[in-house]
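Q: I'd like a close look at one part of this model, with the surroundings filled in as you go. Could you walk me through it in one connected answer?

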Amino acid sequence: MSEVLQHLILIRHGESEGDVRRAAWKRGEVVTAAKMPEREELIASGAKQCRQAGLWIQKHAIGTYGLRAFDGCYVSSASRCEQSAVALDLPSAVWQEDHSLDERNRGRVRGLHPAQHRQLYPDSFEHMKRDPLHWPPPGGELLVPDVTARVSQFMDNIEGARNVIAVTHRDWMWMAQLVLERLTEAELLTVNTDDLHNAQIVE
């Protein structure tokens, strides 16, 4: 008899160098990305967030439900996600890299300040503002259908598992609401993605 998924825990990576850069942009500071986004690392506050998240998981997920361990522990290939998984410090966790959990590829605009995006690719910038779910970044992935397809792929990958934990990214977790919670696109657009904080746990 096939096993049925009972627990799926999704975690956004802890605060990273990229989060610091974007926060500086919001304050009006001019900061250039020193690395490609997939290479940006966890910072000390992000590691602390993940340790706290790990304690919560041990108490409220593993402890409450009497789980001995997760039978699937998956992580995006981005450095900050792999470091976040380690910082969770979950007993018996053996992490497996899964590219279906990777960050949305923003192509030629990844790491660009919004003003640079507007200057270099004005049509792309206006499309992003007008229709974010179906905006095609130059050389990158759409949220719908590309990232949603990867959410579905991940669910296929874990078929047969009972208890799964995954460390991933904000846009991935946002699109998971469309696939797993069956929100409509109109409902999804009302979600404030700033509420998907670093080390946010969704069960």
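At what angle do α6 and α7 pack, and how far apart are their axes?

A: One thing up front: this is a predicted model. With that said, α6 and α7 pack at an angle of about 80°, and their axes are 9 Å apart. An angle between 65 and 115 degrees counts as roughly perpendicular, so α6 is roughly perpendicular to α7. On the α6 side, the contact is made by Leu143, Val144, Val147, Thr148, Arg150, Val151, Ser152 and Phe154. From α7, the residues involved are Asp171, Trp172, Trp174, Met175, Ala176, Leu178 and Val179.

Two names in that contact are worth following: Phe154 and Trp172. A search of the whole structure turns up two aromatic pairs. In one of them, the rings of Tyr74 and Phe154 have centres 5.6 Å apart and planes at 85°, so this pair is edge-to-face. Tyr74 belongs to strand β2 and Phe154 to helix α6 (residues 143-157), so the pair ties together parts that are 80 residues apart in sequence. Tyr74 is buried, with a relative accessible area of 12%, and Phe154 counts as buried at 0% relative accessibility.

The other pair brings us back to the helix packing. Phe154 and Trp172 are edge-to-face, with 5.7 Å centre to centre and 85° between the planes. Phe154 lies in α6 and Trp172 in α7 (residues 170-179), so here the pair ties together parts that are 18 residues apart in sequence. Trp172 is buried, as is Phe154. Taken together, ring pairs link Tyr74, Phe154 and Trp172 into a cluster.

Tyr74 is the way into the sheet, so let's go there next. Gly72 and Tyr74 point one way from β2, while Cys73 and Val75 point the other way; all of these are buried. Strand β2 (residues 72-75) pairs with β3 in the parallel sense over three bridges, and β2 also pairs with β4 in the parallel sense, over four bridges. Cys73 shows up in both registers: Cys73 stands opposite Trp95 in β3, and opposite Ile165 in β4. Further along β2, Val75 stands opposite Glu97 in β3.

Zooming out, five strands form an open sheet in the order β3-β2-β4-β1-β5, with mixed pairing. β3 (95-97) and β5 stand at the edges with a single partner strand each, so one side of each has no neighbour in the sheet.

On the other side of β4 from β2 in that order comes β1. β1 pairs with β4 (residues 163-168) in the parallel sense over six bridges, and Leu10 stands opposite Ala166 in β4. Towards β5 (residues 201-202), β1 pairs in the antiparallel sense over two bridges, with Ile201 as the bridge partner of Ile11. Six of the six residues of β1 (residues 7-12) are buried, so this strand is largely enclosed by the rest of the structure. His7, Ile9 and Ile11 point one way from β1, and Leu8, Leu10 and Arg12 point the other way.

There's also a helix over the sheet: α3 (residues 79-88) lies across β1, β2, β3 and β4, and runs at about 130° to β4. That angle falls outside the roughly perpendicular range of 65 to 115 degrees and is not over 145, so it would count as oblique.

From α3 you can hop to Glu40, which sits in the loop between α1 (17-26) and α2 (44-65). Among the residues Glu40 touches are Ser79 and Arg80; the list also includes Glu17, Gly18, Arg21, Ala33 and Lys35, leaving out residues up to four places away in sequence. With Arg21, the side chain of Glu40 makes a polar contact with the side chain at 2.9 Å. Glu40 counts as buried, at 4% relative accessibility.

For a contrasting acidic residue, try Glu126 in helix α5 (residues 122-130). Glu126 is partly exposed, with a relative accessible area of 45%. The C-alpha atoms of Glu126 and Leu88 are separated by 39 Å, and these residues are 38 residues apart along the chain.

So, back to where you asked: α6 and α7 pack at about 80°, and the edge-to-face pair of Phe154 and Trp172 joins these helices.

Note on methods:
Residues numbered from 1 in each chain as written. Predicted model: local features only at pLDDT ≥ 70, side-chain atom pairs only at ≥ 80, totals over all residues. Heavy atoms only, no water. Buried < 20%, exposed > 50% of the residue type's maximum accessible area, 1.4 Å probe, protein only. Pairing = 2+ DSSP bridges. Polar contact = N/O pair within 3.5 Å; in protein donor to acceptor, adjacent residues only side chain to side chain. Contact = heavy atoms within 4.5 Å. Axes fitted to C-alpha atoms, helices over the stretch in contact; angles between N-to-C directions. Phe/Tyr/Trp six-rings, centres within 6.5 Å; stacked < 30°, edge-to-face > 60°. Parallel < 35°, antiparallel > 145°, perpendicular 65-115°, else oblique.
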